[in-house]
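Got your viewer open? Take this tour one selection at a time, and keep the sequence handy as you go.

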Amino acid sequence: MALVVATSPAAAQDAVEAIDIQYEELPVVVDGAQALAAGAPLLHESVPGNLAFDYVYGDEAAAAEAVARAAHVTRLTLDSTRVSGNPMEPKACVVVYDAAPIRTTCTRARRACR
């Protein structure tokens, strides 16, 4: 919100006292289903309906037919905080080849690769 850098504690105190921060309380929604409901507060104006992306896969008609023929159907809603399949730690390393001692070093493992 604010950072004060000063040449003395007194100057810093004067600067801090000159800062006037005012907060505006905004409407919130903390549930995903409520965030997608019509009229929910928007997180970003550029994302209508708070839906960043819609991912569809499989054969919807075949799945509907299988459910219609099923002897028993259980419906359940699961909350998942994972919003995309985006690994944060890929299975990779950076390799450096040194021709002089004929050695390759894998920097992720911090050891010589064989």
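Start by selecting Met1, Ile19, Ile21 and Tyr23: in this predicted model, these residues make a nonpolar surface patch of about 490 Å². Show the surface and colour these four so you can see the patch they make.

Now keep just one member of that patch, isoleucine 19. Where does isoleucine 19 sit along the chain? Look in the loop between α1 (9-18) and α2 (32-36). Is isoleucine 19 buried, partly exposed or exposed? Its relative accessible area is 37%, so isoleucine 19 counts as partly exposed, a label that covers the range between under 20% (buried) and over 50% (exposed).

Next, add Ala2 and Val4 to your selection. Isoleucine 19 touches both of them, leaving aside residues up to four places away in sequence. Then click on leucine 3 and ask for a distance. From C-alpha to C-alpha, isoleucine 19 and leucine 3 are 9.8 Å apart in space, while in sequence they are 16 residues apart.

Move on to asparagine 50, which you'll find in the loop between α2 and α3. What's odd about its backbone? Most residues other than glycine have a negative phi. Asparagine 50 isn't a glycine, yet its phi is positive, at about 65°.

Time for some rings. Select tyrosine 55 and tyrosine 57 and show their side chains. How many aromatic pairs does a search of the whole structure find? The count is 1. The ring centres of tyrosine 55 and tyrosine 57 are 5.4 Å apart and the planes are at 45°, so this pair is tilted. Why tilted? Planes under 30 degrees apart would count as stacked and those over 60 as edge-to-face, so 45° falls in the remaining group. Turn on the surface again here: tyrosine 55 is exposed, and tyrosine 57 is too.

Last stop: helix α3, residues 60-69. Pick out arginine 69 and glutamate 65, which form a salt bridge with their closest N and O atoms 3.6 Å apart. The salt bridge count comes to 1. How are the two residues placed along the helix? Arginine 69 and glutamate 65 are 4 residues apart in α3, which means about one helical turn separates them. Finally, compare how open each partner is. Arginine 69 has 61% relative accessibility, so it counts as exposed, whereas glutamate 65, at 46%, counts as partly exposed.

Methods. Residues numbered from 1 in each chain as written. Predicted model: local features only at pLDDT ≥ 70, side-chain atom pairs only at ≥ 80, totals over all residues. Heavy atoms only, no water. Phe/Tyr/Trp six-rings, centres within 6.5 Å; stacked < 30°, edge-to-face > 60°. Buried < 20%, exposed > 50% of the residue type's maximum accessible area, 1.4 Å probe, protein only. Salt bridge = Lys/Arg side-chain N within 4 Å of Asp/Glu carboxyl O. Contact = heavy atoms within 4.5 Å. Patch = residues over 30% accessible without salt bridge, like charges linked within 9 Å, V, L, I, M, F, W, Y side chains within 5 Å. Areas by Shrake-Rupley, 256 points an atom, 1.4 Å probe, with all protein chains shown as cover.
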